Amino acid sequence: MSNELRGYPGGWKLEDALKEHAFSLELAYWIGQIFESADIDTINDLGAGPGFYTAFLRRQMLNAFAYDKQPIHELSLCIVRGVDLSCEYDWESLKGTDW
């Protein structure tokens, strides 16, 4: 749902995330397979929401890191780091990542 319809600027509210965020186990498995077959073992998930895909990739023994503008710690198991991607960012701090 667009931010204009939600009536606030960016990010998820907890109640919206619980109702609207969908996790697909099949998609998560497929994403992991693609990274493994490309020999990519470090992933940055930008706009990670609650971090469910990052958590799954970590269970697949990949080095996955989650970033979102407004992390929802109640849902994310505290693995999602807050970062405002609309601002200038020091991407060198993510050095060593493959994707």
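Ala66 is buried, with a relative accessibility of 1%. This value, like those that follow, comes from a predicted model. The residue counts as buried because its relative accessibility of 1% falls under the 20% cut-off. Ala66 lies in strand β2, which covers residues 63–68.

The surroundings of Ala66 can be listed by residue. Neighbours within four places in sequence are set aside here. Ala66 then contacts Asp45, Ala48 and Thr54. Ile79, Val80 and Arg81 are also in contact with Ala66. One of these partners, Ala48, is 18 residues away from Ala66 in sequence. In space, the C-alpha atoms of Ala66 and Ala48 are 5.5 Å apart.

Another of the contacts of Ala66, Asp45, falls within the range of strand β1, residues 42–46. Strand β1 is largely enclosed by the rest of the structure, because four of its five residues are buried. Strands β1 and β2 run parallel. Five bridges join the two strands. One residue pair shows the link: Ile43 has Ala64 in β2 as its bridge partner.

A helix completes this arrangement. Helix α4 spans residues 52–59. Together, β1, α4 and β2 make a β-α-β unit. The unit is right-handed. Thr54, a contact of Ala66, falls within the residue range of α4.

The surface offers a contrasting case. Leu25 is exposed, because its relative accessible area of 53% is over the 50% cut-off. Leu25 belongs to helix α3, which runs over residues 25–37. Together with Phe23 and Phe52, Leu25 makes a nonpolar surface patch. The area of this patch is about 270 Å².

The whole chain sets these details in context. Its secondary structure comprises five helices and three strands. Along the sequence, these elements follow the pattern α-α-α-β-α-β-α-β. The chain has 99 residues, and 34% of them count as buried. Its accessible surface amounts to about 6,600 Å². Carbon and sulfur atoms account for 55% of that surface.

Contacts were also sorted by separation in sequence. The set was limited to contacts between residues at least 6 apart in sequence. Of these, 47% join residues at least 24 apart.

Note on methods. Residues are numbered from 1 along each chain as its sequence is written. This is a predicted model: local features need pLDDT of at least 70, side-chain atom pairs count only at pLDDT 80 or more; totals for chains, interfaces and linings use all residues. Side-chain values use heavy atoms; hydrogens and water are left out. Patches are made of residues with over 30% relative accessible area and no salt bridge: like charges are joined within 9 Å, nonpolar side chains (Val, Leu, Ile, Met, Phe, Trp, Tyr) within 5 Å. Accessible areas come from the Shrake-Rupley method with a 1.4 Å probe; for residues, only the protein chains shown count as cover. A salt bridge is a side-chain nitrogen of Lys or Arg within 4 Å of a carboxyl oxygen of Asp or Glu. Buried means under 20% relative accessible area, exposed over 50%, partly exposed in between (1.4 Å probe, protein chains only). Contact means heavy atoms within 4.5 Å. Two strands pair if DSSP finds at least two bridges between them. A crossover is right-handed if, with the strands pointing away from the viewer, the path from the first strand over the helix to the second runs clockwise.
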